[in-house]
Every structure is written in structure tokens, then in C-alpha cells.
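Biologist: I would like to learn how to read sheets, salt bridges and cavities in a model. Can we work through one together?

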Amino acid sequence: MRDDGSTDRTLEILRSRRLDAERGEHVGFVRSFGRLLAGADADYVAFCDQDDVWLPDKLSRAVARLERVSGPALYCGRLAVVDDGLEPLGLSPFPRRGLSFANALVESQASGCTIVLNRAARELVGSFPAEVVSHDWWLYLVLSALGGIVYDEQPAILFRKHGGQAFGIGVGATDTWRAKLTRGPSV
């Protein structure tokens with residue numbers, strides 16, 4: 001874990017739960033995840049945001065699916081979108097255009113909080129180039145080019161939709177291209 005320069009009680013809370021976190025200066029979510037990824041030495045690596053809730057079987061489902069793949073692979077999937085009180089708002093959109101590299105050039109189907117990488121994928125990517133503005137999209141591009149996407153249609157994450165997010169997830173029929181343009185990158 002890495003604390004990205006928080007000014008609240010984050011580290012104190014983590015330590016009270018016997019969780020170890022690297023204290024670091026604020027470098028943003030992409031650089032933070034990149035530093036953690038570069039320092040990881042594990043068979044599987046998962047990205048986690050502080051405000052999302054993993055369902056109990058998230059990792060076991062991801063690992064079971066990734067074990068069936070030879071070569072670099074990225075597990076990702078749909079989200080159960082909830083409000084601040086964990087009340088259901090709906091599901092993230094289903095990838096209607098498929099999971100091809102051609103589609104990955106224009107949209108990502110891999111939300112960072114759902115991503116689990118196998119060792120081969122982690123070793124392949126190492127970290128993120130300095131120009132990357134979206135670590136999850138960049139990983140999705142790289143792994144889809146290799147045919148290494150494992151998509152789970154059943155949500156394994158409760159994704160909190162709130163005003164403080166760097167990027168938002170749309171839900172339902174109101175998430176048209178016009179709504180996305182009007183809304184912009186922050187929801």
C-alpha cells in the first residue's frame with residue numbers, strides 16, 4: 001500500500017488495523033500505482049482505491065480465471081455502482097463493442113479497481129510511462145493488444161459514486177455520449 005501524501009488520519013487508521021503503507025509525497029494516483037507496481041514481487045497484483053468495497057470472492061474469482069491463461073493477462077469486470085451509503089445505483093455498462101484492441105483505442109472496459117494482473121503481465125509492463133494519464137486504460141490497451149483480457153460479467157466490486165472521484169462511472173440509460181461530454185471527467 002502507498003499513501004499518496006494524505007493529510008488526514010489515513011496512516012494512523014491503517015496501522016491500527018495492522019496494515020502497512022508506504023508514506024509518500026503526493027504524486028497522483030497514476031504515479032502512486034506505478035510505484036507500487038514497479039516494487040511488487042507477487043504472482044498476482046490488484047489495484048484498490050480507498051473508497052471501493054471488494055466483495056469477499058473478488059480475488060479468488062480473479063485468480064481462478066487468470067490461472068486458466070498462459071501468458072500476460074489482466075482480469076477486470078463490471079462494477080456494482082453504489083452511493084456513499086452503499087445503496088445500489090445500478091451496474092456499470094456492459095461492453096457492447098467487445099474487448100478487442102481496436103475498441104481499446106477509443107474506450108476502456110477495465111476500471112482500475114477491478115484490475116488484477118498475473119505475474120507475466122506485471123513483469124511485462126513494469127511500471128507506467130511518464131505520459132500515461134490513466135493507468136487502467138494504459139494497462140487495458142497493452143494487454144488487449146496481446147489478447148490477454150479476462151472479463152468478468154459478474155461484479156466483484158461495490159464502486160462508490162461520489163463527487164470526489166478523479167473519473168466517474170456512468171450507470172443506466174442516462175449515460176449517453178452527450179451526458180459524458182457534458183459531465184466531463186469528474187462526477
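Modeller: We will take the sheets, then the salt bridges, then the cavity. Keep in mind that this is a predicted model.

Biologist: In what order do the strands of the open sheet with S3 run, and how is the pairing described?

Modeller: Read the order from one edge to the other. Here 4 strands form an open sheet, S3-S8-S5-S9, with mixed pairing. S3 (44–46) and S9 (149–152) are the edge strands; each has a single partner strand, so one side of each lacks a neighbour in the sheet. From one strand to the next, the twist averages 20°.

Biologist: How do S3 and S8 pair, parallel or antiparallel?

Modeller: Antiparallel, over 3 bridges, with S8 covering residues 116–118. To find the register, take one bridge: Val-45 has Leu-117 in S8 as its partner.

Biologist: Which strands stand at the edges of the sheet S4-S10-S6-S7?

Modeller: That open sheet also has 4 strands and mixed pairing. S4 (53–54) and S7 (88–91) are at its edges, each with a single partner strand, so each has one side without a neighbour in the sheet. S6 (residues 80–82) pairs with S7 in the antiparallel sense over 3 bridges. Val-81 has Gly-90 as its bridge partner in S7.

Biologist: Now the charges. How many salt bridges does a search of the whole structure find?

Modeller: The search finds 8. For each, check the distance, then the location of both partners. Asp-41 and Arg-119 meet at 3.0 Å, N to O. Asp-41 sits in the loop between helix H2 (29–39) and S3, and Arg-119 in helix H5 (residues 119–125), so the pair ties together parts 78 residues apart in sequence. Asp-41 is exposed at 63% relative accessibility, while Arg-119 is partly exposed at 27%.

Biologist: Which residue forms a salt bridge with Asp-152?

Modeller: Arg-65, with the closest N and O atoms 3.7 Å apart. This pair links distant parts of the chain, strand S9 and helix H3 (residues 58–66), 87 residues apart. Asp-152 counts as buried because its relative accessibility is 6%, under the 20% cut-off. Arg-65 is partly exposed at 24%. Elsewhere, shared partners join Asp-41, Asp-43, Arg-119, Arg-122 and Glu-123 into one network of salt bridges.

Biologist: And the cavity: what volume does the largest one have?

Modeller: About 40 Å³. The whole-structure search finds 1 cavity of 30 Å³ or more. Next, read the lining. Among the lining residues are Lys-58, Tyr-75, Arg-78, Asp-152 and Ile-157. The lining divides into 4 nonpolar, 3 polar and 3 charged residues.

Conventions: Residues numbered from 1 in each chain as written. Predicted model: local features only at pLDDT ≥ 70, side-chain atom pairs only at ≥ 80, totals over all residues. Heavy atoms only, no water. 1 Å grid on protein atoms, 1.4 Å probe; cavity = no way out; pocket = protein on both sides within 12 Å on 5 of 7 lines; lining within 4 Å. Points joined across faces, edges and corners; volume = space filled by probe spheres on them. Nonpolar A, V, L, I, M, F, W, Y, C, P; charged D, E, K, R; others polar. Pairing = 2+ DSSP bridges. Helix = DSSP H or I, 4+ residues; strand = E, 2+ residues; numbered from the N terminus. Axes fitted to C-alpha atoms, helices over the stretch in contact; angles between N-to-C directions. Salt bridge = Lys/Arg side-chain N within 4 Å of Asp/Glu carboxyl O. Buried < 20%, exposed > 50% of the residue type's maximum accessible area, 1.4 Å probe, protein only.
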